[in-house]
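Here is a guided walk through one protein model. Keep the 3D view open and turn it as you read.

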Amino acid sequence: TWAAAALADAALAQRLESATAIVLVDAGAKGMGLGTGFFITPNLIVTNRHVVEASTTPNVLVTSKALGSLRRATILKVTRSADVGSPDFALLRMDDGVSSGTLDLTPQVSKLAGVVAAGYPAIVVQNDANFRRLQQGDVSAAPDLNLTKGSVQSLQAGQNGMPLVVHTAAIAKGNSGGPLVDGCGRVVGVNTFVNIDQAQSAKTNYAIRAEVVSAFVQGAGATARTDSRACAAKG
């Protein structure tokens, strides 16, 4: 079994640009919620349940620079809860059109491995002129995708034995549902929550591991491609 090929930074960024989208949710009186999702097939998107659960309709909106315009997506399936320590996922189907890229999942992840988080942290996105244009009704506008690098610091069993990746790639509110990928561009986890300890000025980033995502997607009657090869180090 050959190892998967590591991607150069530009190629990795391009893959994430083509397969990641911002998820916009009409939460009624609470206003507009936002999170991140990624394509596992050209029209199926994985995100967190907590991103979409406040939606007042069975539909949400998705867009990205690669998609080029705002698209409607239907919430097909959600996990039983979004409690920390339980599976927290939603599967969406984009109602028209297809994405230009998809991401494979991988169970292969090891401590100190380099990872990249892709998403739309609100604290960054709110200063993006394209996001303001989108909020004002320009359906062709999309905020720039944020990418942060880090490494795997721990492979934890969280509450109820939930397999988690603890990592140092910076994430914030809005990154929820977005992919955490390895150097080969494969999803090792879905960024779901952070733990902030004010007293120690410490922040910990958590992603739910890919095998939990796979089980959810299969339970929803869909298939995500899985690549179980190791990721080759960059030459």
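Let's start with a twist: the link between Cys184 and Cys231 is right-handed, with 100 degrees about the S-S bond. The two ends of this link come from distant parts of the chain, 47 residues apart. Cys184 sits in the loop between β10 (179-182) and β11 (187-197), while Cys231 belongs to the segment after α5 (210-219). Their sulfur atoms are 2.1 Å apart, S to S. Searching the whole structure turns up one disulfide. Bear in mind that you're looking at a predicted model.

Are these two cysteines buried or exposed? Cys184 counts as buried because its relative accessibility is 3%, and buried means under 20%. Cys231, at 30% relative accessibility, counts as partly exposed.

**Two pockets**

Cys231 also helps us find our way to a pocket. How does empty space show up in a model? Roll a probe the size of a water molecule over the atoms, and you can see where space is left. Here are the two biggest pockets side by side.

| Pocket | Volume | Lining residues | Lining by class |
|---|---|---|---|
| Largest pocket | about 440 Å³ | 24 residues | twelve nonpolar, seven polar, five charged |
| Second largest pocket | about 370 Å³ | 22 residues | twelve nonpolar, five polar, five charged |

Which residues lie nearest the centre of the largest pocket? Look for His50, Val51, Lys173, Gly174 and Ser176. Three elements, β2, α2 (49-52) and β11, each supply at least two residues of this pocket's lining. Of these, β11 gives the most, with four residues.

Now for the second largest pocket, which has about 370 Å³ of space. Closest to its centre are Ala113, Gly114, Asp182, Gly183 and Cys231. So you've met one of these already: Cys231 is the disulfide partner of Cys184. Two or more lining residues come from each of α1, β7, β8 and β10. The largest share, three residues, is from β7.

**A helix with two sides**

Since α1 has just come up as part of a pocket lining, let's look at this helix by itself. Which residues of α1 (residues 9-19) are buried? They are Leu12, Leu16, Ser18 and Ala19. Look down the axis of α1 and you'll find these buried residues within an arc of 165 degrees, so they line one face of the helix. On the face turned away from the buried side, you'll see the exposed residues Ala10 and Gln14.

What covers the buried residues of α1? The cover includes the strands β1 (20-26), β2 (32-39), β7 (114-119), β8 (146-157) and β10.

**Thr20 and its company**

Strand β1, one of the elements covering α1, is home to Thr20. This residue counts as buried because its relative accessibility is 0%. What is Thr20 in contact with, once you leave aside its neighbours within four places in sequence? The list is Thr36, Gly37, Phe38, Ser64, Ala118, Tyr120, Leu145 and Pro179.

One last pair to find: Thr20 and Leu103. They are 83 residues apart in sequence, and in space they are 8.8 Å apart, C-alpha to C-alpha. Try picking out both residues in the 3D view, then trace the chain from one to the other.

Conventions: Residues numbered from 1 in each chain as written. Predicted model: local features only at pLDDT ≥ 70, side-chain atom pairs only at ≥ 80, totals over all residues. Heavy atoms only, no water. Disulfide = S-S within 2.5 Å. Buried < 20%, exposed > 50% of the residue type's maximum accessible area, 1.4 Å probe, protein only. Arc of directions from axis to C-beta. Contact = heavy atoms within 4.5 Å. 1 Å grid on protein atoms, 1.4 Å probe; cavity = no way out; pocket = protein on both sides within 12 Å on 5 of 7 lines; lining within 4 Å. Points joined across faces, edges and corners; volume = space filled by probe spheres on them. Nonpolar A, V, L, I, M, F, W, Y, C, P; charged D, E, K, R; others polar.
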